[in-house]
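Here are some exercises to work through with the model open beside you. Try each task on your own before reading its solution.

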Amino acid sequence: MSHHATRLLFFLVLGSLFVACEKQSSSPSLTVDEAFQPYFEAFEAAGAERGLAIELGAEDIGAVFSSELETQMAGKCTKFSTGARIIYIDQQSWAGRSELQREFLIFHELGHCYLDRPHLDEADANGFCVSIMQSGEGGCTGRYTVLNRERLLDELFE
Ligand SMILES: [Zn+2]
């Protein structure tokens, strides 16, 4: 596949995700849009299955839709100097995603905002990304399915 086609496949499958870890001084109010609540709960459950007691409601983490993300950016985690963190999700990208792709996006952003993880673009022997924390900008091909979900969640929380 040409580089262009590879990139196109990327956007179709996962969209481009990703993060800007910005430092800003003022912090907006922290709300979690109800659209994201099930995925916040799934993140807590996935952590609990791995022995982690995660209470996102006790964290200064908000999640809201935004129409102001950069082109091709599906989500973004912004960290404020107050300690607050906000996940911004592109509404249009969200609308076109399956449930699994939505989970991938929220888990990726919580990987930044809650787990403080940076991007990891390591590929396995077949070229597929070994981590949910892939940048979406190259190095590996993103794939998140019922078949590799558990393995990727192990990697996310390990
Ligand atoms: Zn990211």
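**Exercise 1. Work out how the chain is organised overall.**

Step 1. Among contacts between residues at least 6 apart in sequence, 60% join residues at least 24 apart; two residues are in contact if their C-beta atoms, placed from the backbone, lie within 7 Å.

Step 2. This is a predicted model, in which local features need pLDDT of at least 70, side-chain atom pairs count only at pLDDT 80 or more, and totals for chains, interfaces and linings use all residues. Residues are numbered from 1 along each chain as its sequence is written.

Step 3. Now list the elements: the protein has 5 helices and 4 strands. Helices (H or I, at least four residues) and strands (E, at least two) are DSSP runs, numbered from the N terminus. Read from the N terminus on, their order is α-β-α-β-β-β-α-α-α.

Step 4. Of the 158 residues, 35% count as buried. A residue is buried if 20 or more other C-beta atoms lie within 10 Å of its own, exposed if 12 or fewer, and partly exposed in between, with C-beta atoms placed from the backbone.

Step 5. Check the confidence: pLDDT, the predictor's confidence in each residue from 0 to 100, averages 88 over the protein, and 82% of the residues score at least 70. Over residues 1-13 the pLDDT is below 50, and beyond near neighbours in sequence this stretch has 6 contacts in the model.

**Exercise 2. Find the largest nonpolar core and say which element gives the most to it.**

Step 1. A nonpolar core is a set of buried Ala, Val, Leu, Ile, Met, Phe, Trp, Tyr and Cys residues joined through C-beta atoms within 7 Å. The largest one has 28 residues, and F43, I87, I106, F107, L110, C113 and I132 have the most contacts inside it.

Step 2. At least two core residues come from each of α2 (37-48), β2 (61-66), β4 (85-90), α4 (99-113) and α5 (149-157). The biggest contribution is that of α4, with 6 residues.

Step 3. Follow one core member: setting aside residues up to four places away in sequence, C113 touches I61, C77, R85 and I87.

**Exercise 3. Compare how α4 and α2 are placed.**

Step 1. Start with the length of α4. The expected span of a helix is 1.5 Å times one less than its number of residues. For the 15 residues of α4 that gives 21 Å, and its end C-alpha atoms are 21 Å apart, which agrees.

Step 2. Because 12 of its 15 residues are buried, α4 is largely enclosed by the rest of the structure. Among the buried ones are F104, L105, I106 and F107. Their cover includes α2, β2, β3, β4, α3 (91-95) and α5.

Step 3. Turn to α2: its 12 residues should span 16 Å, and its end C-alpha atoms are 17 Å apart, which agrees.

Step 4. In α2, Y39, F40, F43, A46 and G47 are buried. They cover an arc of only 120° around the axis, so they sit on the same side of α2; the arc is that of the directions from the helix axis to the C-beta atoms.

Step 5. These buried residues of α2 pack against α4 and α5, while the face turned away carries the exposed residues E41, A45 and A48.

**Exercise 4. Describe strand β3 and its partner β4.**

Step 1. With 5 of its 6 residues buried, β3 (residues 75-80) is largely enclosed by the rest of the structure.

Step 2. Two strands pair if DSSP finds at least two bridges between them. Here 5 bridges join β3 to β4, and the two run antiparallel. T78 stands opposite I86 in β4.

Step 3. Look at the turn of this hairpin: 4 residues lie between the strands, and G83 takes a positive phi near 105°.

**Exercise 5. Are Q72 and D116, two residues with positive phi, exposed or partly exposed?**

Step 1. Q72 is not a glycine, yet its phi is positive at about 70°. Q72 belongs to the loop between β2 and β3. It counts as partly exposed because it has 16 C-beta neighbours inside 10 Å.

Step 2. D116, also not a glycine, has a positive phi of about 60°. D116 lies in the loop between α4 and α5. With 11 other C-beta atoms within 10 Å, D116 is exposed.
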